[in-house]
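Thanks for making the time. I have one structure to go through today, and I will keep it short.

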Amino acid sequence: MPAVTADTTTLPRLAVPLPGQLERPVRSVTTAPSGREGEGFPVRRAFAGVSLADLDPFVHMDQMGEVDYAPGEPKGTPWHPHRGFETVTYMIDGTFQHQDSNGGGGVITDGATQWMTAGAGILHIETPPERLVVSGGLFHGIQLWVNLPARDKFSPPRYQSIEGDQVTLLASPDAGALLRIIAGGLAGDPAGHHGPGATHTPITMMHATLFPGARLTVPWEPGFSALAYVLAGSGRAGGEGRPVRTGQLAVFGPGDYLALAADDRQPGADGRLEVLLLGGRPIREHVEMYGPFVMNTKEELRQAVADYQEGRLGVIPPNALMPHRAARRSE
């Protein structure tokens with residue numbers, strides 16, 4: 001882990017913080033509980049126990065895996081609906097197939113990101129390809145839910161496929177850390193480094209790798225929320241050096257930049273600190289959630305359920321992918 005790597009000595013470098021800029025303090029550190037999703041693949045519920053006000057504009061995130069499946073074990077999700085938000089599936093390692101009722105779809109693999117705007121409503125499925133089910137293999141990814149403001153809840157569905165080689169790569173000033181920008185950019189960056197993801201709600205999404213003992217400072221939009229989720233490894237967050245490790249989420253307070261440091265000794269075979277950095281412009285609207293629907297009122301939730309039951313959120317296409325168990329039974 002991860003699939004997308006680079007020689008940091010050859011990459012453009014991040015700027016160091018300017019005199020007078022404020023480092024964001026760590027407000028809280030929480031540990032994600034484990035669970036199961038879809039057909040039973042393991043997840044960590046990254047945002048459990050954190051208030052929506054601190055997460056805004058995000059509402060949910062699962063770390064899928066990291067798991068090395070034996071042959072016959074890979075699992076996915078069945079067809080299911082969404083309304084009122086965007087789903088972001090980032091495959092750090094491994095492969096998922098996606099298909100939706102709006103015509104979007106493809107293979108998400110090794111550092112690629114699928115960005116699906118559900119908007120007014122969509123049906124979709126994510127499932128491992130049959131060859132991966134047969135062979136087994138490494139599976140590790142993230143699914144993030146990005147809220148939509150009330151004015152965009154019923155926008156037309158949209159699908160974006162972002163390949164791993166499309167992300168913007170930068171290095172820390174000492175080349176001890178690699179930063180992959182998937183969406184958004186860096187505050188005050190004169191070079192305009194920006195990720196390829198197009199979002200309704202302005203957000204920043206980055207994946208950082210820190211080698212043992214390395215330190216990383218990332219300029220951050222002052223008006224954005226700021227989160228750091230540890231995918232693997234151990235280190236410290238903020239100037240106060242709050243300890244963080246695999247499966248923990250740090251919520252930052254106000255300021256101009258984020259600071260992270262990797263411990264000199266790292267657990268695991270990879271020996272690096274892997275962190276997902278997230279933030280966005282808070283929407284500051286009331287949120288009502290029920291299963292796969294994220295709306296503003298309970299009445300909108302009731303309408304979403306009724307619309308799904310009556311087939312108004314989309315139709316499964318005739319060439320539909322099916323969960324891998326059904327595909328195996330048809331052989």
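I will start with the overall figures, then take the open sheet, then the salt bridges.

First, a caution: this is a predicted model. The protein has 4 helices and 24 strands. Its radius of gyration is 19 Å, against 20 Å from the globule rule for 331 residues, so the protein is as compact as a globular protein of that length. If you want box dimensions, the C-alpha trace spans about 60 × 45 × 35 Å along the principal axes.

On burial, 56% of the 331 residues count as buried. The protein exposes about 13,300 Å², and carbon and sulfur atoms supply 52% of that area. As for contacts, take the ones between residues at least 6 apart in sequence: 76% of these join residues at least 24 apart.

Now the sheet. Seven strands make an open sheet with antiparallel pairing, and the order is β2-β3-β4-β11-β6-β9-β12. Which strands stand at the edges? They are β2, residues 34–37, and β12, residues 158–162; each has a single partner strand, so one side of each has no neighbour in the sheet. From one strand to the next, the twist averages 20°.

Let me walk in from the β2 edge. β2 and β3, the latter covering residues 41–45, run antiparallel and are joined by 4 bridges. Ser 34 sits opposite Arg 44 in β3. The hairpin of these two strands has 3 residues between them, and there Gly 38 takes a positive phi near 60°.

On to the next pair. β3 is joined by 3 bridges to β4, residues 58–69, again antiparallel. Here Arg 44 stands opposite Gln 63 in β4. So Arg 44 of β3 turns up twice in the register: opposite Ser 34, and opposite Gln 63.

Further along, β6, residues 85–93, and β9, residues 113–117, run antiparallel with 5 bridges between them. Tyr 90 is opposite Thr 113 of β9. As a general reminder for anyone reading side-chain directions off the picture, side chains in a regular strand alternate between the two faces of the sheet.

That leaves the salt bridges. How many does the structure hold? There are 13 salt bridges, and I will show three.

Glu 23 pairs with Arg 215, with the closest N and O atoms 3.3 Å apart. Glu 23 is in the segment before β1 and Arg 215 is in strand β16, so the pair ties together parts 192 residues apart in sequence. Glu 23 is partly exposed at 22% relative accessible area, and Arg 215 is partly exposed at 42%.

Next, Asp 307 and Arg 83, where the closest N and O atoms are 3.0 Å apart. Asp 307 belongs to helix α3, residues 298–309, and Arg 83 to the loop between β5 and β6, so this pair ties together parts 224 residues apart in sequence. Buried or exposed? Asp 307 is buried, at 8% relative accessible area, and Arg 83 is buried too, at 5%. Both also belong to a network of salt bridges that links Arg 83, Asp 307, Glu 310 and Arg 312.

The last one is Lys 298 with Glu 288, and the closest N and O atoms are 3.1 Å apart. Lys 298 is in helix α3 and Glu 288 in strand β23, 10 residues apart. Glu 288 is buried, with a relative accessible area of 15%.

That is what I have.

Conventions. Residues numbered from 1 in each chain as written. Predicted model: local features only at pLDDT ≥ 70, side-chain atom pairs only at ≥ 80, totals over all residues. Heavy atoms only, no water. Pairing = 2+ DSSP bridges. Axes fitted to C-alpha atoms, helices over the stretch in contact; angles between N-to-C directions. Salt bridge = Lys/Arg side-chain N within 4 Å of Asp/Glu carboxyl O. Buried < 20%, exposed > 50% of the residue type's maximum accessible area, 1.4 Å probe, protein only. Rg over C-alpha atoms; globule rule 2.2 N^0.38 Å. Contact = heavy atoms within 4.5 Å. Areas by Shrake-Rupley, 256 points an atom, 1.4 Å probe, with all protein chains shown as cover.
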